[in-house]
Amino acid sequence: MNRLQRYLFRNLLIALLYSTAGLTLTIWLSQSLRLIEMVVEAGAPMRVFLWLLVLTVPTFLGIVLPLALVGAVLFTYNRLATDSELVVMRAAGIGPFALAAPAMLLASGVTVVVYVLNLWLTPAAHQELVHMEYAVRSDYSQLFLREGVFNEVGDRFSVFVRERDSEANLHNVIIHDGRVLEKPVTIMGERAVMLTGAEGARFVIFNGNRQELDRKTNRLSQLFFERYAVDLKVLSSASGERYPDARERSTDELLHPSPQMASDPKMMRDLLAELHHRLSSPLLALAYTMVALACLLSGEFNRRGQSVRVTTAVLVVMTIQAAVLGLSSLAAKVSALVPLMYVLPLVALVPAAWVLSRNLRRRVPPGGEAAAG
C-alpha cells in the first residue's frame, strides 16, 4: 500500500475498534441483565458472574465484527468525503478500486478472525457457557427460587417459598416431590435454608411435616419434624444427562459425527446447518464491505454528505443480515437450502464489485488507467 492507502487503512482500523467496542458493550449490557441475578440475589460469587460475562463475548463476536466493519467503512469514507479528502485523492489519480483496497484488506483480516472464532473459539465458549449455567443451577439453586410461586426445580420437583430474608432464610416453604409416581411426597416447613457441599445441594427444613401418599392403598402417612433434609441431586443428574445442541459441538464433531448422532435425521440436519453456517458467515464481512464501498465510491462526491448512500448501504446490509438469520433457521429444517448460505454473500458481493468497476470505466479517460490505479 502507498502512503494514502496506509492512511485510509489506519482510519478504518481505528473506526473498526471503536465500533466493535460499542456494539460489544451494548450486547454485553443486554446479556448481563440475564446473568446479574446470580449476584443480586446473593447466591453465586462475583467471579462466577464475571466469568459467565466473559464467555458470552465469543458467542456473538462473530456476528458483531462484520457489522462493526460496515459501520467503520461508512463512517470513515463519509467523513473523508465531507472533508473533501476523497475529492483530493481522486484528483490525484486514485481510482475507486485503489480507494477500496484498504477496506477490502481490512475485511479480509476480519474474515480470517471470524473463521477462527466460528471454527474453534465460539463452540468452545458456548459449550463452557452452557456448562457453567447448568453448574450454577446445581450449586446455587436458591437463585432460581421465586417468591410466591411454585418453582419447577427439576423433573416433577416443585418448591414454593413465601419469602426470603436478608440472611438467605426461606420462610413458609412447601416442597412437592413427585419423582416416585406411586408415592408422591409433600413437605411443609416454617423455615428452610439451602446448603451446598461436595455431595451437591440440599434443603434443610425446620418445624414442619412430611406427607407421603401411597397411591396403591390411598394411605396418607405423616411425619412431624423439627429438622429435615431434602437432597437435590435431581439437579445435577438432570444437567449431566443433557444432550448438547449443535452450537456446542466442536467443528471436528460436525465433520465427523458419532454413530449415535448419525442415526438421528433431525440432529444431522442441525449439525449440517451449523457446520455450513460456520463456514459461510465469515464471507459476510467481504460482502458487507463491498456493498458499503459500492454505495459510497460510485458516482459523484458531495462534500455536504452522502446520507442517501449511507442509508441505502445500511438498508441493504440489514436486509442481507435478516435473510442470513432466516436462512440459517430454515437450513436446519430443509437441507436443500444449505447451498444458499454461500450464494447469499455472493449475491451481494458480485453486483457491488460490478458497480465499482462500472464506475471506474465511466470515470477514467482513455490512457488514464495507470493513474486511476
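Which strand does Asn 207 lie in? Asn 207 belongs to strand E5, residues 200-214; the close-ups below come back to this spot after a quick overview. Everything here is a predicted model, where local features need pLDDT of at least 70, side-chain atom pairs count only at pLDDT 80 or more, and totals for chains, interfaces and linings use all residues. Residues are numbered from 1 along each chain as its sequence is written, and side-chain values use heavy atoms, with hydrogens and water left out.

**View 1. The whole chain, with 13 helices and six strands.** Helices (H or I, at least four residues) and strands (E, at least two) are DSSP runs, numbered from the N terminus. Of the 373 residues in the protein chain, 43% are buried. Buried means under 20% relative accessible area, exposed means over 50%, and partly exposed is in between (1.4 Å probe, protein chains only). Take the contacts (heavy atoms within 4.5 Å) with a separation of 6 or more: residues 24 or more positions apart account for 63% of them.

**View 2. Two asparagines with positive phi, Asn 172 and Asn 207.** Most residues other than glycine have a negative phi. Asn 172, though not a glycine, has a phi of about 55°, and it sits in strand E3, residues 170-177. Asn 172 is partly exposed, at 43% relative accessibility. Back in E5, Asn 207 also isn't a glycine and has a positive phi of about 55°. Its relative accessible area is 41%, so Asn 207 counts as partly exposed.

**View 3. Three salt bridges, among the seven found in the whole structure.** A salt bridge here is a side-chain nitrogen of Lys or Arg within 4 Å of a carboxyl oxygen of Asp or Glu. Side chains of opposite charge can pair when their charged atoms come close. Arg 179 and Asp 177 meet at 2.7 Å, N to O. Arg 179 is partly exposed at 32% relative accessibility, whereas Asp 177 is buried at 18%. Arg 210 pairs with Glu 212, with the closest N and O atoms 3.0 Å apart. For Asp 245 and Arg 247, the closest N and O atoms are 3.4 Å apart. Asp 245 has a relative accessible area of 26% and is partly exposed; Arg 247 is partly exposed too, at 46%.

**View 4. Helix H10 packed on helix H11.** H10 covers residues 283-297 and H11 residues 307-331; they pack at an angle of about 155°, with their axes 8 Å apart. Axes are lines fitted to C-alpha atoms, for helices over the stretch in contact, and angles run from 0 to 180 degrees between N-to-C directions. The two helices are therefore roughly antiparallel, the word for angles over 145 degrees. From H10, Leu 284, Tyr 288, Val 291, Ala 292, Cys 295 and Leu 296 take part, and their partners in H11 include Arg 309, Val 316, Ile 320 and Val 324. The residues of this contact divide into 12 nonpolar, two polar and one charged. Nonpolar covers Ala, Val, Leu, Ile, Met, Phe, Trp, Tyr, Cys and Pro; charged covers Asp, Glu, Lys and Arg; polar is the others, Gly among them.

**View 5. Ala 285, a buried residue of helix H10.** Ala 285 has a relative accessible area of 0%. Leaving aside neighbours within four places in sequence, Ala 285 is in contact with Pro 66, Leu 69, Ala 107, Val 110 and Thr 111. Ala 285 and Leu 69 are 216 residues apart in sequence, yet 7.2 Å apart in space, C-alpha to C-alpha.

Note on methods: Parallel < 35°, antiparallel > 145°, perpendicular 65-115°, else oblique.
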